[in-house]
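Grab your viewer and work through these exercises with the model open beside you. Try each task before reading its solution.

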Amino acid sequence: MYGTIWALLPPIIAIVLALITKEVYSSLFLGIVVGGLLAANFSPIGALDTIINDGLISGVADAWNVGIFLFLILLGIIVALMNSAGGSAAFGRWAETHVKSRVGALLATLLLGVLIFVDDYFNCLTVGSVMRPVTDGHRISRAKLAYIIDATAAPICMIAPISSWAAAVSGIVDEGVMSGTELFVRAIPWNYYSLLTLVFVVGLTLLRFDYGPMALHERNAQLRGDLFTSGERGGAAEDVASNPRSRVIDLLLPVVVLIVCCVAGMLYVGGFFSGVPFAEAFAATDASVGLPWGSMIALIFTFLYFFARRLLSFKQAMSCITKGFIAMVPALLILTFAVTLKNITGMLGAAEYVYGVMEQASSGLYKLLPAIVFLVACGLAFSTGTSWGTFGILLPIVTKVFPADSTLLIIGVSACLAGAVMGDHCSPISDTSIMASAGAQCDHISHVSTQLPYVLTVAGVSFVNYLIAGFVQNVWLCMGTGLLLTVGVLFLLRQLYRPQSV
């Protein structure tokens, strides 16, 4: 079964079960079991060995994953400190007088997500911790908050020349074609899914309507004050302390220090402080090392700052360590299972199967190939839960299929990157989706099921645009077409669903 369509069966089982049962842990575990059985030719002992050694232990022991786990824990502790010191409550009080409407709260969340473009993990958790008091105050459901966070995480990182994602793409692209950084930058105007997602979110917010499962969550939030509707209800209001001595700066300063330190940490790991140029340092960095570096320094600063402000006693601060860790346990557990499933899917030869499919597709339908690349990337990222793994598999194929330094090459690369983002955006086993759920403290399956119709809508518009782009190959004309299609679809949907009150 190696290198066949059966390699995609384990993630498909996990995804379908998760969406049907609304229970992510058992769904992921059953997908892992099926993958272990396939990899071991249905030998029970061999399957157990595969699951434990090649899946769980390899996943947890991987240096990248350990770094991301550590970053999650450190960020959880910082958030717990800000909540206990009253910084989050102070920011909520300030927002009540300055952010006057639900539209303003949603646009502020979107703007903050756009500004934090360095890394998607960092984006998800930081935006969530800062904006939860604001969105809660305007009765915006946690599912809607999670969607806004997710929509400004991977899509923003994929169109930001200075980000961990740009560095990853630059490192994968064959230097014989053109420099990886140049190819990434030239592909940005053609990355329809990432760009049109932002247009879609702004339009949806300004037109004040929702559809699909999200409409139920938003209606319950506005009419009943129920921010969750279904699933686990993390981040209860009582976890956020109110301190009359706390100020808005008690939330903003630790966040700013965290941003600065994480950027500095990534540059340090990339060799910037040893003389490596800025762009090259970002291209050579390792986010799994740089982010823990920055968050550790920010955590020490936050401890000292709150002690100096006398907002927390030493005992209260120490209790935040366990609170922060406990808050991240669901995300850590889901990530562990997701990484294990990815490892086993890789053992079954999913990459080789997709490689073969793409080679066959490239022999004909040449100008339709960007749209085909987009669909393949969407499917692969959705079923494996990794956008980096997806463009890591497909980019070497794309750069060989299209003529070097041609417009069609740029469109093909952008289609690959856009599809990888789309699949990653809506997959239940995607680490970015898991981070968005953790940042919003929203039930993970609620987040996935509510955002799926939105993701598919933008993906449909993007697919049509790639069909057009393969023939037209004019960047401005194609972008204008995409904008018109997106706005037109929004107004059509608005006619089908009654707008919400502000």
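Buried means under 20% relative accessible area, exposed means over 50%, and partly exposed is the range in between. Keep that handy, and remember that this is a predicted model.

**Exercise 1. Get your bearings**

Work out how many helices and strands the protein has, and what share of its residues count as buried.

Solution.
- Step 1: go through the secondary structure, which comes to 24 helices and zero strands.
- Step 2: turn to burial, where 57% of the 502 residues count as buried.
- Step 3: look at the contacts between residues at least 6 apart in sequence; 80% of them join residues at least 24 apart.
- Step 4: finish with the surface. The protein exposes about 19300 Å², and carbon and sulfur atoms supply 69% of that area.

**Exercise 2. Follow the salt bridges**

Find out which residues are linked in a network of salt bridges, and where in the chain they sit.

Solution.
- Step 1: note the total, which is five salt bridges in the structure.
- Step 2: take Arg 102 and Glu 218, a salt bridge whose closest N and O atoms are 2.5 Å apart. Arg 102 belongs to helix 6 (residues 102-115) and Glu 218 to helix 13 (residues 213-224), so this pair links distant parts of the chain, 116 residues apart.
- Step 3: check their burial. Arg 102 is buried at 9% relative accessible area, and Glu 218 is buried at 0%.
- Step 4: move to Asp 210 and Lys 144, whose closest N and O atoms are 3.0 Å apart in another salt bridge. Asp 210 lies in the loop between helix 12 (192-207) and helix 13, while Lys 144 is in helix 8 (residues 142-151), so the pair ties together parts that are 66 residues apart in sequence.
- Step 5: check burial again. Asp 210 is buried, with a relative accessible area of 4%, and Lys 144 is buried too, at 3%.
- Step 6: put the pieces together: Arg 102, Lys 144, Asp 210 and Glu 218 are linked in a network of salt bridges.

**Exercise 3. Buried or partly exposed?**

Classify each partner in the salt bridge between Arg 142 and Asp 136.

Solution.
- Step 1: confirm the pair. The side chains of Arg 142 and Asp 136 meet with an N to O distance of 2.8 Å.
- Step 2: apply the cut-off to Arg 142. Its relative accessible area is 3%, so Arg 142 is buried.
- Step 3: do likewise for Asp 136. Here the value is 24%, so Asp 136 is partly exposed.

**Exercise 4. Hunt for disulfides**

Count the disulfides, and explain why Cys 157 is not bonded to Cys 124.

Solution.
- Step 1: recall that the two cysteine sulfur atoms must be within 2.5 Å.
- Step 2: test Cys 157. The closest cysteine sulfur is in Cys 124, 8.2 Å away, so the pair is too far for a bond.
- Step 3: state the count, which is zero disulfides.
- Step 4: add the surroundings: Cys 157 is buried at 0% relative accessible area, and Cys 320 also counts as buried, at 0%.

**Exercise 5. Size up helix 19**

Compare the span of helix 19 with the expected one, then say how covered the helix is.

Solution.
- Step 1: helix 19 covers residues 369-384, which makes 16 residues.
- Step 2: from first C-alpha to last it reaches 22 Å, close to the 22 Å expected at 1.5 Å a residue.
- Step 3: twelve of its 16 residues are buried, which makes helix 19 mostly covered. Among them are Leu 369, Val 373, Phe 374, Cys 378 and Thr 384.
- Step 4: look just past the end. Gly 385 follows helix 19 and has a positive phi, near 75°.

**Exercise 6. Map the nonpolar patch**

Which residues form the nonpolar patch on the surface, and which helix gives the most to it?

Solution.
- Step 1: select Tyr 268, Phe 272, Phe 273, Phe 278, Val 289, Trp 293 and Ile 297, which form the patch. Together they have about 670 Å² of accessible area.
- Step 2: assign the helix. Helix 16 (residues 287-308) gives the most, with three residues.
- Step 3: place Phe 272, which lies in the loop between helix 14 (249-269) and helix 15 (278-284). At 31% relative accessibility, Phe 272 counts as partly exposed.

How values were computed
Residues are numbered from 1 along each chain as its sequence is written. This is a predicted model: local features need pLDDT of at least 70, side-chain atom pairs count only at pLDDT 80 or more; totals for chains, interfaces and linings use all residues. Side-chain values use heavy atoms; hydrogens and water are left out. A salt bridge is a side-chain nitrogen of Lys or Arg within 4 Å of a carboxyl oxygen of Asp or Glu. Helices (H or I, at least four residues) and strands (E, at least two) are DSSP runs, numbered from the N terminus. Buried means under 20% relative accessible area, exposed over 50%, partly exposed in between (1.4 Å probe, protein chains only). The expected span of a helix is 1.5 Å times one less than its number of residues. Contact means heavy atoms within 4.5 Å. Accessible areas come from the Shrake-Rupley method with a 1.4 Å probe; for residues, only the protein chains shown count as cover. Patches are made of residues with over 30% relative accessible area and no salt bridge: like charges are joined within 9 Å, nonpolar side chains (Val, Leu, Ile, Met, Phe, Trp, Tyr) within 5 Å.
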